[in-house]
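Please open the model in your viewer and keep the selection panel at hand. The tour goes chain by chain.

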Amino acid sequence: MSTDAAVMTADAGVVSAKSPAVRASAGGEVSASWPCFGSTSSAHVSGPSGERSAQEAVQLVGSSLARWHEQFSRFEPRSELSRLNGDPREEVQVSPLMARLAQAVSDAGAMTGGLVDATLIDEIERAGYSGDLARPLPLADALALAPARSPAAAARARRWPALDVDVERALVRRPPGVKLDSGGLAKGLFADVLAQTLAGHGAVAVNCAGDVAIAGTRKVAREVNVESPFDGSTLHTFHVRRGGAATSGIGRRSWLDVQGSPAHHLLDPATGRPAFTGIVQATALAPSALLAEIRAKAAVLSGPRAAAAWLADGGVIVLDDGSHHVVAPPAAVTLEDLAAYAAGARAARRHAPAR
Amino acid sequence: MSSASIDPPAAPAPQRLDARTLARTKREALRRRTRRIRRSVLGIAAVAFVTAFLVIYVQLASGHDPALSKRGTATSKTATTATDRRKQASAAKSSSSGTESSSASAAVTTSQS
């Protein structure tokens, strides 16, 4: 697979020399991973579609992620996101994917009543997150120094309702000064877009820096492991055939602000300060990765009492003390289950001793 | 003494009699309708209850209690230590689809980024 590795490196641009690049499993699944969005993304594809082979599909994921990494970074002054945020016009023509991100920001605000607010760029920069974090603060230290825990709430002066997005024409209208944060929403969106593009393959999993989208014609149940924020161990494993999973929390991006207080990237919209709610991480399952990302963020921000209500399709909540709750997915009865049940019942009757 | 004839009390006017009869008839019809509706509601409720009871009874008696299935486990709290988690990793599994995962499909990990 060294040839593929070279192709991937040249195409994606973000793959390091030590990257494992493309590899194929014994079962015929092609996988690759790339460092991007401050973490690691990966793709797993098996079976060809009508348009491309599994290897080409994985390469498409790599090149797309590399392009979007540049396009949606708020740390790059020349990225499309930075240009949009700094544009003094009220109406801005953007790329189709940027329009979808803007729509996602608006939808996230509406769905959560403003709890998930991706317009808090000024606040997060004031908190000290204005570039890549060189040395994150260990989670245990951040929790020890953190203020009293309390649930987050929506901001009184909300900016996201001012967003007016025409997705078909790729137009974003907003008062100049309203800025968008790509954050986790973009990762969920990217995973969904890629999984949708590759849905014609047998089995597809796109893991975009922790936001996972699963698709494919074979509807194979794939293991989705939930990682502990404390030691990286696996807390729980879900089996997902289609849909998304995402994890949000305060474990990976914490730092000390200028006053020496612990800070992280999940802000309480009401105060504009990092939220310490008693939850350090939430994982959500949902029909899409974007929806899972929104739910996971809302669960973390709403605190231990209300978090489970956001996990309608299942998830895992990790509390400050290291304990975790598993919210099981709702039991789904499919036609296949019913058919299997009926067949089993018929067989049992046939083999039952005559009375 | 003049024999003044005493007239029998005048019979109620036929129209008045008809109105009373009509009212009584209507009242009885109303009562019959009320009884019919009441019996229907009670009957339907009883049939629905017995049907639901039997369905659940058969389901449980045949050993297919959904609460005991692998797919659906109740929300649970697990107090864990770092070392416990590794031991629990393989045991703590649930399924959203009720199917076995394919050994050909790599597991994916969702984590904070």
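Begin by selecting chain A of this predicted model and colouring by secondary structure, where nine helices and 18 strands are assigned. Turn the view along the principal axes, and the C-alpha atoms of chain A fill a box of roughly 80 × 50 × 40 Å. The radius of gyration of chain A is 22 Å, which agrees with the value near 20 Å that a compact globule of 355 residues would have.

Next, stay with chain A and colour its residues by burial: of the 355 residues, 57% are buried. If you then display contacts in chain A with a separation of 6 or more, 63% of them join residues 24 or more positions apart.

Now switch chain A to a surface representation, which exposes about 15,000 Å², with carbon and sulfur atoms supplying 53% of that area. Select the charged side chains of chain A as two sets, and you will have 35 positive and 35 negative ones, whose centres lie 5 Å apart.

Then hide chain A and select chain B, whose secondary structure comes to two helices and three strands. Tracing chain B along the sequence, you pass through these elements in the pattern α-β-α-β-β.

How many of the 113 residues of chain B count as buried? Bring chain A back into view and apply the burial colouring to chain B, where the buried share is 12%. Finally, show the surface of chain B, for which the accessible area comes to about 9,000 Å², and colour by atom type, since 62% of this area belongs to carbon and sulfur atoms.

Notes:
Residues are numbered from 1 along each chain as its sequence is written. Chains are lettered from A and ligands numbered from 1 in the order in which they are written. This is a predicted model: local features need pLDDT of at least 70, side-chain atom pairs count only at pLDDT 80 or more; totals for chains, interfaces and linings use all residues. Side-chain values use heavy atoms; hydrogens and water are left out. Helices (H or I, at least four residues) and strands (E, at least two) are DSSP runs, numbered from the N terminus. The radius of gyration is taken over C-alpha atoms; the globule rule is 2.2 Å times the number of residues to the power 0.38. Buried means under 20% relative accessible area, exposed over 50%, partly exposed in between (1.4 Å probe, protein chains only). Contact means heavy atoms within 4.5 Å. Accessible areas come from the Shrake-Rupley method with a 1.4 Å probe; for residues, only the protein chains shown count as cover. Lys and Arg count as positive and Asp and Glu as negative; His and the chain ends are not counted. The place of a charge is taken as NZ of Lys, CZ of Arg, CG of Asp or CD of Glu.
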